[in-house]
Amino acid sequence: MNEFFLLMKSELMVTAIIFLLLFIKVGKGMQNERLLPLIQLLLLLNVIFGFFFNQEGNAFGDMFHSTPMIVFEKNILNVGVYLISMLFSDWFKKTAHLAEYFLLMLSALLGMFFMLSSANMLMFYLALELASIPVAAMANFNLTQKQSSEAAMKMILSAAFSSGILLFGISLIYGVTGTINFEELSNYTTLSPLYTMAFIFLFSAFAFKLSVVPFHFWTADVYEGAPIATTSFLSVISKAAVAFILITVLYKVFQPLQNIWYVLVLLLAFITIVIGNLFAMRQQNMKRFLAYSSIAQVGFILVGISGSNTTGISSVVYFLLVYVFSNLAAFGVVSVISEQVNKESISDYKGLYQTNPLLTWVLALSLFSLAGVPPTAGFFGKFFLLTAGGAKASYAFMIVVVLNMVISLYYYLKVVRAMFIDQNETPIAAIQISAPVKLALIICSAGILLIGLFGWIFDFIQSLN
Amino acid sequence: MPNTINIILVLLLPFISFLLLGLLGKKYFSRTAGIVGTLLLLIATVLAMHTAYEYYFVYGKIEGLYHSFVPLQFQWLKFTHSVSIDMGLIIDSISVMMLVVVTFISLMVHIYSLGYMKGDPRFSTYYAFLGLFTFSMLGLVLAANIFQMYIFWELVGVSSFLLIGYYYEKPSAVAASKKAFIVTRFADFGFLIGILVLSYYGDTLNFATLIERLTAPESNEFKLAVSSTFLGMSALTWGALLVFMGGAGKSAMFPLHIWLPDAMEGPTPVSALIHAATMVVAGVYLVARLFPVFALSTPVVLEGIGWVGAVSAVIAAIIACTQTDIKRVLAYSTMSQIGFMMFAMGVSNYGGEEGLGYTASLFHLFTHALFKALLFLGAGSVIHFVHSNEMSNMGGLRKLMPITHLTFLLACLAIAGMPPLAGFFSKEEILLAAYQHNKIVFGIALLTSGLTAFYMFRLYFSIFWNKPYEGHSAHHGEGGWTMMLPLLLLAAGAVFAGFIPFGSYVSSDGLILPTAFHVTFSIAPVLIGLAGIFIAMVFYKKSTTHPNKIAATINGVYQAAYHKFYVDELYLFITKKILFNLIGKPFAWLDKTVIDGIVNQTATVTQSIAEGIKKMQSGKVQSYAIYFLMGVIALAVLFIYIW
Amino acid sequence: MNLLLLLIVPLITALTILLCRNSLQVKWTAFAGSVVQLVLALVLLFVYRAEVVAGNAAQLFFEQDITLIESLNMHFHIGVDGISISMLLLTAMVVVAGVLFSWNTNKMTKEFYFLLILLALGAYGFFISFNLLVLFFFLEISIIPKYLLIGIWGSGNKEYSANKLVLMLMMGSALIMVGILGMYYIGGHDVDLMHLSNISIPAHLQKILFPLFFIGFGVFTAFFPFHTWVPDGHSSAPTAGSMFLAGISMKLGGYGCLRVAIFLLPEGAKEYGQVIVILSSIAILYGAFVTMMQKDLKYLNAYSSVSHVGFSLLALGMLTQTAITGALMQMISHGLMTALFFAVIGMIYDRTHTRMVNELGGLMKVMPFITTVLFIVGLCSLGLPGLSGFVAEMTVFVGSWQNDDVFHRVATIAAAMSIVVTAVYILRAVGQVAMGPLKNEAYAHLTDAKWNEKLAAIILLAGILSIGLVPGWLNDLLTPGAEIIMNRITGK
Amino acid sequence: MMEPGLYHILFISTALFFIGMYGFFTRRNLITMLMSIELILNSVNLNFIAFNKYVWAGKMDGLFFTLFIIAIAAAEAAVGIAIIINLYRSHQSIDVASAEELKY
Amino acid sequence: MMNGSTIIFYLLATLTLTCGLLSVLTQHIFRAAIYVLFALIGIAGLYFWLQYEFIAAVQIVVYVGGIIVLIIFSIFLTQQTGEKLAAPKLDRKIWAALATFCGFALTIVQIYQHSFSSFSQDTVDPTVANIGHQMLDVNQTGYALPFEIVSMLLLAALVGCIVIALRNKTEQ
């Protein structure tokens, strides 16, 4: 029994926090000013706890399983959620439903944990829903804003639609193979067109969650409309979780279909990078801009996944670790500015460096990291992804992919240019950054700068395989 | 054995002068720069003379043969295992002779400039440049390696550029300096390629080895160089031809002569030094240096050299007859005289009696340096006096400047080949060599020497006789002793240099060539020269209208000659119209619009694609769902039916 | 000698700059740091010479190998040979000069110097690394500082230029990246340069990889027709920016072309040698002719850079040992010369506020030092003996001529023709700017160079002259490296 | 006419699935879109039950899947309706075309 | 030949598909809700027909009794009854029809081309007892864990609904 607790410690910890929040809400309730530090403290404990007492094994028959890699992935998500709780303090303090918001967020996180640990389709599906339905509600948390409701509506409808297709795929897989267990599915080697089709139905749901073109259309709208905390949760935590489980599903469960999914992944990676870049190029709203840029990033993740070797896994995990820091830093800065002066357009950022050098540097660093420019960790992240992908892909493909990095640099530089170079009569006034936000931004910057230089981090991830 | 230290000092003293005056001159030597430079050069001259004495009379001749010595050689830059630039000093009969000429003329100019350039704001700079030039010229002369020669060749060019453009605030001087540099640079391009060719086949850059290998028909290098052909000519021929191109440029041979008249924009002493006596004969020296190769291996090229020299001589002489700027007349005369030297080379053979042209050419080089420098310095005095270059502003100066007049007259007689002045002896030898070898060239040469006498005396009479002087009164006479002394010294040279038995010192094969002097042969040239002098006297001794009438009767020819046969215009057309408008402009356009345009267009196209596909993101959640389903179907079809 | 010092010094300098309080402190810190670096480079040179004299015939000196990522076999492998040392020296000199020439930068001084030093750091790292990943890392590090330097402190159409520059360079590095990935798998999961140089890479793969590397690095060094960032980038950059671009950044490319593309992929080099020769001959002449038409001094120098760099690429395409030595010499010479040229242009611009040739004139009278330097640099550019340009160009020509066939010969002749055109445009420009009557009355009150400018100019001139007058040391420095590369080409 | 079996039921479920999709694509009222979603989910349920019954009767995986889908569908519908009601409050309409502010 | 069971099957099938089709085509929102209700009932009938009584019961309880009622309430909340629904645009209809038809054709062709083969021998009856047993098992089949996840999901959904739907209380 002891073992069981340790095996599911991440989930249990999160559940405990959820119920604590529920009791606080149902009971006397707390002022945001006091509740938020408490939540941040709990999440910090959660992060720390995540690094201890790691166990490997199965529980609930074939429902739940855990490996060091999965635990590490969960820890990445924990860190991300902790950073979110710090970065968006300004917004959290203002919201009327802080406890509920975190309750939903942690439920989604719980869903992702289960998703990572899932060992069969049922668990996977339930966890996926648990990870997405609360997020749709979270998207609506700017309750009086039209855009927020629109975003939530688009999200819940699209998510329901995609889970319909997912379920249809699963049902066909079940019909063909007679099992929903991952282990057994990976042993099913009789290929048939129907099985392929079912796989594509299933894959489309992953693609939807990861916002792979052409299943990405909801992304930008939702990102733009939702509160920034939700957006960053969606674009970082939720994306990372789905990418992690996609690796398991492709590498393990659909190993027999490798010839098909390899091409599929490469094809979609290509389209995703190109379309994501093309859309990102002309965005003016920072959130929307980051949404599209994150679409392009997913394309690179797919390239890494296509490598179908242990380097592929490690590089994706590594990249997402870096991505958490980079993207959250970017969203953090956007949020600070958006909350304080209510400006989200790139042109509003003109001359930002004159008034807010710290924010500018953090944002610039994170954008460089996203663009994959050294010495930021993003460079290494991208490089490892491409290294993994390069194992099998052709030169022509790699050239196209890498040239797209140049295009992506173009639009990241647009922001950098606005902040550093462009002149502005009335730049955004100097912003007072609250302590937790500052701390989180510094953590993110440190992560961006240091992760890349510490080569052993990759080795560590590699050793988890 | 040569005294290495002496020779090094000869080379380095001018350089020290350059460094000293160039770096510190402004601060410490603004008044005394001339003295410092002159003293240093005086030492160098004495050492050079000493070196010459020792070479010719002490150690140079071994068993009747003048040897070539390389007292110092060190590797400066290694290209391949066998090809390297070995900086060295070569001591042989021609280099020693040139050493004397260069240092002596340079010394004269240094002294002369003390008076001529007095009070110039950039006095020290002027002397620094003179030092640089002398150093470069000496380096060129002493070069033991063809690449070393090229290096100093270029340095000479740049010193010439600096000195022509010395009056940098005068646009015409700037233009002239650029022109001189660029035209010679163009020739040097040929020289460089020639060096590449010769060095590749000779597998060395050292003159001695190179000549040895490329003149020995049994050596592998020679065989390879002769057997490799390009456009129907052997590699060796190409190499020799291209090397000569460099020499032709520097020596202002037709058609690369256009820079020389313009170069007269520099201070007159500079013209005397560079554009009369020393630098412009570098081409002749180059041919002499490689003479065995030209004579033994590529007689075709040597033949060509002869023709180029002859054509240049006559053209320059014709043009000189029509010019009114006294320095330009002298410039064309220089070109004409170098033409003489060139065709003398061209009509020579290697060794023995047949090598008369070679000796004659260098003899003429020697004497010409003296009297041409004299002419220029005299002209400088005149210009100094009247503050103009135009003949029309002069006349009747013989009384006002007696010493200048006398020395100028001597120089004119010398250049006209009147016995017993220096020019007579050297020119006679050239004519004799031409007569023996090529009658047509001989004819041209005869004609040219007549023209020479004519235009020189035209010049002489225009300056010193003609109408009485109308300008300002003589406010400063003929200049101080500093300006007179060089004139007198050079005049002495012009009178007596001809008596040197040149053949016993310089010959193509190093053996003594007995001076052949035929009185009978000399009659015709002297008569022709006298005729030229007479005509000039008739026309110009008094201010008459004869010249204008004659000019009017042969208007076409006169205009053509007056406009230097339109060669300048041709060049202008080629550079302005073809290089700038037909090549430069289209290239610039190509770069701006096409190559850069492609880069910019890539960005524009990408952006317009991005703009074009934005409609897909319509904000309609149902459209998104349709795309979703269509995507699934497409992928399913792809992987079921197509893949 | 520990090569890590070469990285630590600039790093500490950069960090110290961030801590500085006022701009004077920043400037002196940057100056001190760069001087220390220059001293280090010189010490390195002498230590290396001493080792060579002592008979050490190793391929790499002062090697260090620190494991970065064990599972991917990524090592921080650094070392130097003569070629690297010469490049380091060049970089150090240009950096000191750049720091000095920017002395009167007042806008965001701290950031400016920080970025300068960061850029230099990238170059130092690049020249000493012998692992492709590390090399690439340092190559890319230096790109973004360029963008900001041009964008913030530049002039003219700076946003456009900065964008163009950074995107084109990134495109180049993208190709390099693909090449490195290919190498990673070909080399058995190892991208160590020395390791890769010891394995034989199949010819068909070399044919794929070589263009990737060569074009990739070629973009950095203005390989025709990928040179279009050069004019715009240089003309918009601040003085130090142009100097660094021309003096350092373009050298990264040339060095990479040689060290990575040709050294590792000799078969590819042979395959594409003729293409390179054709393109660079075009570049040389074309660049020269386009330069002739320029009126803006910076454009003029930028296009002349295209032409000059063409020499080193041409020489690389020639694939003879002398040519390779010549290519390296040309890189170093061009680095010093063009950096100084840009510095002079910057000095003139600072005073007259124009760079248009036809608005300038007669400056010799008011600023003799600056115009003298301009003269010397101009003469160096047109290949006057005694200055570095001559030595480099002649080595290139002699090296190119070693190829005994009409094609290479014609290309060499075509390239050599440019020395005439170069003379034309250099003399036109210099003549117009320095000589003639004073164009504008206002210029009469301008001042000559200040101490910092004089010092910087003298440092670069010292480099130019030391190569021009005594080329032997540089030749000795470069030859062993070139020989190793040549041996790989000839398959010894 | 054939004896009804697996394929018949699969036909029904597939048809219902795409009917639901058609509804989802074309309905402009958000609530009707939600109903279409219910149709889609039900068709999947039918699939699972049919497979469980006809092919894989040895275990009850399909049955449990259906059971949980029904639960999830309820939760989804609840959240969906809450969101729609909130949207109605701010937009005064539940026409999907009224909420197309976020685009491009 | 047709027997009772077959007839019932076809009736149920017709009911389900017709009501489903009508529900997406009708212009009246209320009618649409009712058609959906009947389609769901038809499916419940099919479950009965397949002898999955427990599922059928859950279907009726949850869908008919829960979701549809919820939907109808929300229609009341948001819609003036009797108002016709806005018709979709023609091009949207065409594209939707095309996409769904292609999807349907593809899927059905694939399904019919595939022969589902079973390797299972013994049949577990879907009785309530069996279901309950497995549902609460923590070791072998472990459906207790999904069960808990669903409960967490429902909790979250509940909280979310409360916050979103009851916003006036606090926000306005």
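**Exercise 1.** How many helices and how many strands are there in chain D?

*Solution.* Keep in mind that you're looking at a predicted model. Go through chain D and count: you should get 3 helices and 0 strands. Now read from the N terminus on, and the order comes out as α-α-α. Next, check how spread out the chain is. The globule rule gives 13 Å for 104 residues, while the radius of gyration of chain D is 17 Å, well over that value, so chain D is more spread out than a compact globule. For the dimensions, the C-alpha trace spans about 50 × 30 × 25 Å along its principal axes.

**Exercise 2.** What percentage of the 104 residues of chain D count as buried?

*Solution.* To count as buried, a residue needs 20 or more other C-beta atoms within 10 Å of its own. In chain D, 78% of the residues pass that test. Then turn to the contacts with a separation of 6 or more: residues 24 or more positions apart account for 51% of these in chain D.

**Exercise 3.** Which element of chain E gives the largest share of the side that touches chain D?

*Solution.* Start with the totals: 62 residues of chain D are in contact with 69 residues of chain E. Now list the elements of chain E that give two or more residues to that side: H1 (4–25), H2 (29–49), H3 (53–78), H4 (90–113), H5 (128–135) and H6 (144–165), each of them a helix. The largest share, 12 residues, comes from H3(E). Finally, sort the chain E residues that touch chain D by type, and you get 47 nonpolar, 18 polar and 4 charged.

Methods
Residues numbered from 1 in each chain as written. Chains lettered and ligands numbered in written order. Predicted model: local features only at pLDDT ≥ 70, side-chain atom pairs only at ≥ 80, totals over all residues. Helix = DSSP H or I, 4+ residues; strand = E, 2+ residues; numbered from the N terminus. Rg over C-alpha atoms; globule rule 2.2 N^0.38 Å. Buried ≥ 20, exposed ≤ 12 C-beta atoms within 10 Å, placed from the backbone. Contact = placed C-beta atoms within 7 Å. Nonpolar A, V, L, I, M, F, W, Y, C, P; charged D, E, K, R; others polar.
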